Amino acid sequence: MSFVREKLSMKFFLFLVLAFLLIHVPLLGNYAKVINTLIHESGHALIALLGGNVERISLFMNSEGATYSNQSTWIGSFFTSLAGYTFASFMAFLSFLLIGRKRQTILIDILLAFIFLNLIFWVRNPYGIFWLCSFAVAFLFLLIKGSQTVRDHLLLLIASILLVDSVQSAYEILYISVIQPDGAGDAANLAQLTVIFPAPIWGMFFFLQALWFCYFALKRGYYKLGS
């Protein structure tokens, strides 16, 4: 317990609780969770571009998303399916790393790059376009008109949402992979690609990697905000 107390701050704990409560508020929670969906689907898309092409990305009102891509090789399909949850967990980790090192400007640039990259090239469904435009406008307004404190707290809230939802969504895919393997999204796709490893194995992998990123960030002291 002393290790945890040394590596955590009360500010981190408060924002984590705030993020958890926010994503469970009806309607508003799903809207907030789409930021993690955006990162997740962008992870699929970026890897898909290495060996194929991305047709489109859809972002939905219930906070789910879908990436439609074409792959010419087995290895391309494998890593594209693997990329969503792992990239979301990595981005949550990277967000706290940048905040901890006072590199908030880099985090802002990354978030805006994902928003405009998707808006220009990939997202075409009405809700997806609405979300990207409304989030970009609100985000930019708070960055421009808000104080330094507002900016830093906004980025910390976004990072906390990414962290909470990356772990929660990884747990959900693990749960679904156990009770309904064929409907387990990326875990089901990987099960079909690998044959010998069923969906629950991949569901467990996604959940464990999310926990590992949390532990690694904790060990490195990235949750000790303000120190």
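## A walk outward from helix α5

Let's start inside this model: in helix α5, the residues Gln104, Leu107, Ile108, Leu111, Leu112, Phe114, Ile115, Asn118 and Trp122 are buried. Keep in mind as you look around that the model is predicted.

What lies over those residues? The cover on the buried residues of α5 includes a strand, β1 (52-59), along with the helices α3 (28-51), α4 (74-100), α6 (126-145) and α7 (148-179). As for α5 itself, it runs over residues 104-122, which makes 19 residues. From first C-alpha to last, α5 reaches 26 Å, close to the 27 Å expected at 1.5 Å a residue.

Now zoom out to the whole protein chain. You'll find 9 helices and 2 strands in it. Follow the sequence and they come in the pattern α-α-α-β-β-α-α-α-α-α-α. Take the contacts in the chain with a separation of 6 or more: 69% of them are between residues 24 or more positions apart.

How does the overall size work out? The C-alpha trace spans about 50 × 45 × 35 Å along its principal axes. The radius of gyration is 18 Å, which agrees with a compact globule, because one with 227 residues would have a value near 17 Å.

Back to burial, this time for the chain as a whole: 48% of the 227 residues count as buried. On the outside, the accessible surface comes to about 11,400 Å², and carbon and sulfur atoms hold 69% of that. Last, the charges: the chain has 14 positive and 10 negative ones, and the mean positions of the two sets are 15 Å apart.

Note on methods. Residues numbered from 1 in each chain as written. Predicted model: local features only at pLDDT ≥ 70, side-chain atom pairs only at ≥ 80, totals over all residues. Heavy atoms only, no water. Helix = DSSP H or I, 4+ residues; strand = E, 2+ residues; numbered from the N terminus. Expected span 1.5 Å × (residues − 1). Buried < 20%, exposed > 50% of the residue type's maximum accessible area, 1.4 Å probe, protein only. Contact = heavy atoms within 4.5 Å. Rg over C-alpha atoms; globule rule 2.2 N^0.38 Å. Areas by Shrake-Rupley, 256 points an atom, 1.4 Å probe, with all protein chains shown as cover. Lys, Arg positive; Asp, Glu negative; His and termini not counted. Charge placed at Lys NZ, Arg CZ, Asp CG, Glu CD.
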